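Me: Please take a close look at one chain of this model, with attention to confidence, domain arrangement and strand pairing. A connected account would be preferred.

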Amino acid sequence: MAGRTMIERLRDPSEKSLGVLLLAPAFLLLLLIVVYPIATLIFNSFFDMRLSGGSGGFKFVGVENYLLVLKDPDFWNATGNTVLITLVTVPGALVVGLGLALLANLPFKRQWPVRLALLLPWALPLAFAGLIFAWFFHTEYGVVNDVVRRVWPGSEPTMWLLRPNWAFAAICLTIVWKTSSFMALILLAGLQMIPKSLYEAAEVDGASRWQQFWQITIPMLMPSIIVALIFRTITALQTFDIPYTMTKGGPGNATETLAMLIHKTTIDYLDVGYGSTLAVFMFLLSLVVTGVYLKRIGRNA
Amino acid sequence: MTIPQGKGLIVLAAAIVVVNGFFPAVWILLTSLKSEAELVSKPITWWPHDPTLANYVQAFTDQPLLRYLGNSFAVAVLSTILSLFVASLAAYAIARLNLRHRRLILTCIVASSMFPLVTLLVPIFQTMRALNLLNTYTALVLPYTVLNLPVCTLVLVSFFQSIPKDLENAAMIDGCTRLGALWRVVVPLAAPGVFTAGILAFVNAWDEFLLALSLNASASMRTLPVGITLYQGEFTFPWPIISAALVVAIVPVAVLIAVFQERVVGGLTQGGPEGLTARGA
Amino acid sequence: MKRLKLLPALALIAGLAVSIGTTSAYAQTTLRVFSGGANQRPDLMRKLFDQYQAANPGVKIEIETGGATSELQRQYLSTVLNAKDSAIDIYMIDIVNPAQYFGAGWLEPLNAYVGSPADAMKPYLPVYLQSNVVDGKVAAMPGFADAMFMYYRKDLLEKYKIAEPKTWDELAAASKKIQAGEGNPNLQGLSIQGAPIEGAVCTFLLPYWSQGKEFNDASGKLTLDKAAAVKGLNQWLSMVDAGVIKRNVAEVKTPDTVNEFKAGQVIFAINWGFAWDRFRMDKDSTVQGKVGVMPLPAMAGGKSATCVGGWQWAVSAFSKNKAEAAKLVKFMATPATSKFLAVEGSLLPTIQSVYVDADVVKSVPRFKDAANVVIAGRAARCPGLRAGQRRGPDDDERRARAHQEARRGRG
């Protein structure tokens with residue numbers, strides 16, 4: 001196509017050059033903001049960088065950090081907690097979020113209370129959501145124990161956040177509360193894309209609401225569900241703010257997540273090399289989980 | 001659509017949802033009207049027994065709250081617009097073009113969000129310093145855009161994919177270029193997805209703490225989440241004042257995203273994919 | 001990236017050329033000072049900086065505030081310093097940080113400016129020689145002190161004719177007697193802070209120190225005596241079991257103790273120096289005129305000891321104006337400055353002689369008694385809990401953490 005002018009080519013570029021053009025802004029931004037930090041992080045993970053260790057803090061140690069991580073009981077404890085939080089809160093948020101989205105999609109006379117209820121948890125700054133719920137679960141000044149006291153007068157108040165299992169449950173509940181908004185938002189948008197004609201046709205065929213839900217709504221919503229799950233899973237594996245503000249990982253390290261261990265290692269102990277290695281493990285964990293989902297998306301496309 | 005049978009149950013569910021969603025916000029509102037001394041009364045009180053607006057006065061006088069609010073808005077709005085623009089281009093390429101490594105490209109974009117931010121903080125700080133951008137809106141807008149890129153791109157990819165290709169072809173036969181078809185046909189049809197991605201990007205930027213703390217440390221460029229932490233001190237945590245500041249922070253966001261969300265649900269009353277599908281088919 | 005980094009450098013060179021051309025009388029130095037959050041009183045520091053600027057016309061001082069708590073400050077500072085940022089010349093840092101930050105190479109040794117450690121630290125409370133001198137180098141100079149005090153309800157002790165308790169057991173007995181006499185189920189005997197906050201390390205160490213044991217040796221190494229630590233811990237636990245300390249002590253933070261004491265729900269309270277004015281002067285305090293301060297009790301056979309905190313001035317190793325910065329740090333650590341902060345802001349002096357200064361005693365009479373408490377004070381340099389290395393959990397850390405866990409596990 002030698003005869004095409006510059007302008008014509010710009011107006012109607014070939015598939016490949018259009019692709020490069022469209023993807024360029026995204027990749028330039030990634031290159032500028034995160035590629036260098038990620039490269040630094042991977043580089044650091046091969047060094048002994050205990051900044052305050054007095055060793056000057058920069059020594060190549062090969063994969064020693066990686067081996068140490070595998071032997072570190074704190075790493076396994078934090079990974080276990082993180083995986084458990086993910087397994088509880090991702091399905092939890094999906095179920096609650098789907099319920100929210102379906103409710104918000106119903107033609108109520110007054111829609112704003114449900115819509116706003118769906119948004120408020122999302123609008124509350126994350127750093128404060130944990131503090132507010134920690135307060136709700138406070139032994140003396142918490143609403144939860146106040147309700148318990150009203151229902152069963154004279155009962156001994158439970159110390160929710162000081163008992164490992166209760167603290168864990170309280171954290172999961174808070175995360176589900178805070179993140180189901182995110183799920184609901186994406187699913188609600190997905191619901192809008194389902195052609196109403198499908199329901200009308202099903203109605204004609206005599207399908208019940210229940211059948212319509214399983215045979216139309218869920219399959220048609222699948223792409224949105226997967227997108228929501230991918231991000232909810234990635235963020236669940238990075239859970240930090242809520243346990244950090246509610247329990248600081250306590251009692252003991254019963255609620256310490258991987259992100260909190262990384263934070264503690266890099267900020268409090270100033271062990272940059274080891275912190276980077278932990279971050280690489282977190283990345284691998286996310287990648288494996290997300291890979292499974294993304295395969296699904298690829299297939300759909 | 002009508003409200004299905006079992007109306008009572010549905011209304012009950014809605015009531016639970018409303019209470020659940022509103023409770024913490026209402027609690028914060030009530031606390032903002034109490035005195036700090038009331039908070040240690042045993043048993044605790046629900047309604048403020050001596051309501052006061054003093055906490056709001058103090059929230060505005062202790063810290064430049066409006067300034068923080070303005071900074072947060074500027075950063076969140078700018079990064080939302082930029083995220084949507086960049087992500088919709090990338091999403092279109094991934095969803096529609098016949099590229100060879102589509103899944104790899106998508107995985108790369110999504111994978112950028114898999115590292116904990118705290119470990120990327122120092123190099124990002126160094127980059128922004130090298131670009132002489134510390135303590136500017138840009139210092140936050142650029143990283144926030146990148147943080148939002150994965151979720152926005154993926155949401156948009158899934159919505160773009162659900163729009164029938166025929167519609168686009170029809171538009172191109174009518175004389176649109178490919179990019180013209182993207183802006184005039186694909187993006188408007190995927191409006192629920194675009195607005196949803198916008199809301200997600202906005203709130204993520206609005207919420208972010210760690211980068212804001214380090215990159216925009218000067219008082220005049222501080223954002224709201226960082227600003228609100230300054231009401232506390234080493235030895236003090238004045239819940240009533242912090243609650244007042246939180247109310248001031250939540251209300252505008254809730255209103256704004258509620259307006260946007262109307263577009264998600266109400267935006268497709270005319271036309272909508274099904275009408276067009278019929279035409280395309 | 002390389003080209004982008006060049007741009008500011010070029011701008012700088014151009015700027016320098018211009019400024020060399022135009023500066024005539026004296027070189028103007030701008031010092032940027034990070035001075036913490038509101039509790040570190042940037043308002044008073046500003047006044048001192050203004051004095052300094054008036055006396056040194058070539059210097060301009062800018063304040064950067066940020067991070068309301070020690071924890072948030074650490075988060076911010078570790079990013080800025082790890083990035084070797086030269087924008088800030090002087091840092092105000094928590095007493096637990098000099099050793100760690102100096103070890104990381106972030107702080108400029110001040111020996112060349114203030115003399116040998118022994119000479120430089122002579123005027124100050126003994127605790128600063130321990131916390132601010134690292135490996136024979138002066139890492140930071142004391143700004144102002146803080147300490148944990150034992151506040152108590154004078155009216156209640158008088159009512160039950162009880163003298164100030166000297167040991168923890170006496171304190172527990174006194175509490176039981178008053179609690180029984182008052183019949184108020186919400187009245188706590190002793191309020192301490194067990195929540196995972198900065199001060200919790202102090203709470204853990206108070207009964208340990210009061211057996212006459214040391215936590216760090218002269219070089220800052222952890223010297224935890226395990227038996228004594230367990231004994232100290234059991235002291236707290238037995239008081240929880242006896243109902244003197246409340247059950248959910250692991251949830252109690254500094255403001256909780258203050259607010260509960262103000263509300264008349266506490267007989268004895270351990271808290272930092274600022275609490276005194278809150279008890280006495282806050283409008284909503286129900287205990288105005290009923291509060292006393294006394295030395296902390298000891299374990300039977302031990303001696304009273306408290307936890308000393310406070311804020312230090314340090315010069316950034318990345319500063320481009322180190323000499324000027326060190327001069328300002330020296331000024332901020334003089335007796336005159338200490339006196340100003342004591343009189344204007346009731347901030348505890350770092351220098352013994354200031355406690356008995358006539359003007360100080362006149363405006364803050366309680367400081368005269370406080371001197372004895374503070375001189376006997378210790379600081380936790382906590383290598384195991386904070387400043388040390390994490391890689392391959394070492395024994396010190398495991399031991400220290402085991403105690404923390406034991407403490408919280410009992411709740």
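Reply: Over residues 1-7 of chain C, pLDDT (the predictor's confidence in each residue, from 0 to 100) stays under 50. For this segment the model has 3 contacts beyond four places in sequence, two residues being in contact if their C-beta atoms, placed from the backbone, lie within 7 Å. Residues 382-411 of chain C also stay under 50 in pLDDT, with 67 contacts beyond four places in sequence. Where pLDDT is low, the predicted coordinates should not be read in detail.

This is a predicted model, in which local features need pLDDT of at least 70 and side-chain atom pairs count only at pLDDT 80 or more, while totals for chains, interfaces and linings use all residues. Residues are numbered from 1 along each chain as its sequence is written, and chains are lettered from A and ligands numbered from 1 in the order in which they are written. The model scores ipTM 0.85 and pTM 0.86. Chain C has a mean pLDDT of 82, and 84% of its residues reach 70 or more. Within chain C, confidence is lowest in helix α19 (residues 383-387), at a mean of 37, and highest in helix α14 (residues 322-332), at 95. Helices (H or I, at least four residues) and strands (E, at least two) are DSSP runs, numbered from the N terminus.

The domain assignment, which is automatic or taken from a database, divides chain C into domain 1 (28-146 + 308-375) and domain 2 (147-307 + 383-410). The C-alpha centres of these two domains of chain C lie 27 Å apart. Across the boundary, 18 residues of domain 1 of chain C are in contact with 15 residues of domain 2 of chain C. Elements giving two or more residues to the domain 1 side are α3 (70-82), α4 (98-103), β6 (141-153), β10 (308-315) and α18 (367-375) of chain C. The largest share of that side, 4 residues, comes from α18(C).

Strand β10(C) also takes part in strand pairing (at least two DSSP bridges between two strands): 5 bridges join β10(C) to β3(C), and the two run antiparallel. Here C:Ile93 has C:Gln312 in β10(C) as its bridge partner. Strand β1 (residues 29-34) of chain C pairs with β3(C) in the parallel sense over 2 bridges, and C:Val33 stands opposite C:Ile90 in β3(C). Strand β3 (residues 90-94) of chain C is mostly covered, with 5 of its 5 residues buried; a residue is buried if 20 or more other C-beta atoms, placed from the backbone, lie within 10 Å of its own.

Terms used. Buried ≥ 20, exposed ≤ 12 C-beta atoms within 10 Å, placed from the backbone.
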